[in-house]
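Subject: Structure for you, with notes

Hello,

Here is the structure I promised. Please open it next to this email and follow along.

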Amino acid sequence: MRNIVLFGPPGAGKGTQSALLVDHFGFVHLSTGDIFRANIKGATELGQLAKSYMDQGKLVPDDVTIRMLEDSANAHPDASGFIFDGFPRTTAQAVALDAFLDEKGQAISGMLALEVPEEELKARLAKRAETSGRADDADPAVIQNRIDVYNAETAPVADHYRGQDKYAGIVGTGTIEDIFGRLKTAIEGLS
Ligand code: AP5
Ligand code: MG
């Protein structure tokens, strides 16, 4: 069983590539951003809480996020492997994920980090704002805040996996197919 952390800043292509990787490898895709957005749409209490952070481009607190991720993973007891998209986003989340998987006799196989220059991230998200309906795409100041929060709070999570010799940087520019090919090769190389 392979469990992958698909890492990268806002707009790096995590969601786009996850869909292709699910088709190819049969992973269960867990995107904390998607789960929060489904809760906002369903007007749940969790959605209301998450929205107050997401609309500003801030991180939702670790305790609620970790609990939600664990519940979502536990809902797939027969999964043959997970792709984690947008999680872990803090070192505390990474530590919690390791402990959660360890209890099941599992582990993260690798972190694949999509590398995309900031100017391209902003261009992609500004373009997506025309159609996504995502409140956090609509305002360039919120996009900038998401990138700043990523650099300050999330980028250090890479060191957690570097320390376990599980980190691989992936060129995240070029065509969607080319990037998928790089990810596929990297995943096939993981035990
Ligand atoms: P989340 O939903 O995870 O958003 P994000 O990290 O900001 O990333 P995006 O979903 O915007 O980008 P992506 O990397 O998936 O790229 P995509 O494939 O869409 O999180 C949202 C918020 O939820 C956070 O800000 C936070 O508040 C909260 N949250 C979520 N997880 C949390 C956690 N663990 N802890 C605390 N809070 C959390 O691609 C982007 C665009 O580019 C698309 O339009 C796509 O079509 C296009 N594109 C993709 N690939 C290419 C390419 N190769 N060339 C050109 N365009 C491309
Ligand atoms: Mg996404």
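The largest pocket is the space taken by ligand 1. Bear in mind that this is a predicted model. Four helices each give two or more residues to the shell around the ligand: α1 (14-25), α2 (32-41), α6 (118-132) and α10 (176-188). Which of them gives the largest share of the shell? It is α2, with four residues.

**The ligand shell**

In total, 30 residues surround ligand 1. The closest are Thr16, Thr32, Lys58, Arg89 and Arg128. By type, the shell divides into eleven nonpolar, ten polar and nine charged residues.

Three polar contacts are worth a look on screen. Start with lysine 58: a polar backbone atom of this residue is 2.6 Å from an oxygen atom of ligand 1. Go next to glycine 86. Here a backbone N or O atom lies 2.9 Å from a nitrogen atom of the ligand. Then turn to arginine 89, where the side chain is involved: one of its polar atoms lies 2.6 Å from a ligand oxygen. How much of ligand 1 does the protein cover? On its own, the ligand has 1000 Å² of accessible area, and the protein covers 87% of that.

**Around arginine 89**

Arginine 89 has a second link, this time through its backbone. Its backbone nitrogen lies 2.8 Å from a polar side-chain atom of glutamine 93. Glutamine 93 is found in helix α5, which runs over residues 91-103. Is glutamine 93 buried or exposed? Its relative accessible area is 2%, so glutamine 93 is buried, as the cut-off for buried is under 20%.

Proline 88 lies in the loop between β3 and α5. Check the peptide bond from phenylalanine 87 to proline 88: this bond is cis, with omega near 0 degrees. That deserves a note, because most peptide bonds are trans.

**Two positive phi angles**

Most residues other than glycine have a negative phi. Two residues here go the other way.

- Alanine 43 has a positive phi of about 55 degrees, although it is not a glycine. Its place is the loop between α2 and α3 (45-54). With a relative accessibility of 67%, alanine 43 counts as exposed.
- Aspartate 165 also has a positive phi, of about 60 degrees, and is not a glycine either. Find this residue in the loop between α9 (157-162) and β5 (167-171). Aspartate 165 is exposed, at 72% relative accessible area.

Both values pass the exposed cut-off, which is over 50%.

**Positions in sequence and in space**

A few pairs are useful for finding your way around the fold. All the distances below run from C-alpha to C-alpha.

Take glycine 81 first. This residue sits in the loop between α4 (62-74) and β3 (82-85). Why does glycine 81 count as buried? Because its relative accessibility is 0%. Glycine 81 and methionine 1 are 80 residues apart along the chain, yet 5.3 Å separates them in space.

Next is aspartate 148, in helix α8 (residues 140-154). At 37% relative accessibility, aspartate 148 is partly exposed. Proline 9 is 139 residues away from aspartate 148 along the chain. In space, the two are separated by 9.5 Å.

Now two pairs with other distances. Glutamate 103 is in helix α5. Its relative accessible area is 73%, so glutamate 103 is exposed. How far is glutamate 103 from glutamate 45 in space? The answer is 29 Å, with their positions 58 residues apart along the chain.

Finally, glycine 174 lies in the loop between β5 and α10. Glycine 174 counts as exposed, with 56% relative accessibility. From glycine 174 to glutamine 106 is 33 Å in space and 68 residues in sequence.

**Where to look first**

If time is short, begin at ligand 1, in the space that is the largest pocket. Then go to arginine 89, whose side chain reaches a ligand oxygen at 2.6 Å and whose backbone nitrogen lies 2.8 Å from the side chain of glutamine 93. After that, view the cis bond between phenylalanine 87 and proline 88.

Best wishes

Terms used:
Residues numbered from 1 in each chain as written. Chains lettered and ligands numbered in written order. Predicted model: local features only at pLDDT ≥ 70, side-chain atom pairs only at ≥ 80, totals over all residues. Heavy atoms only, no water. Near = heavy atom within 4 Å. Polar contact = N/O pair within 3.5 Å; in protein donor to acceptor, adjacent residues only side chain to side chain. Areas by Shrake-Rupley, 256 points an atom, 1.4 Å probe, with all protein chains shown as cover. 1 Å grid on protein atoms, 1.4 Å probe; cavity = no way out; pocket = protein on both sides within 12 Å on 5 of 7 lines; lining within 4 Å. Sits in = over half its atoms within 2 Å of the grid points. Nonpolar A, V, L, I, M, F, W, Y, C, P; charged D, E, K, R; others polar. Buried < 20%, exposed > 50% of the residue type's maximum accessible area, 1.4 Å probe, protein only.
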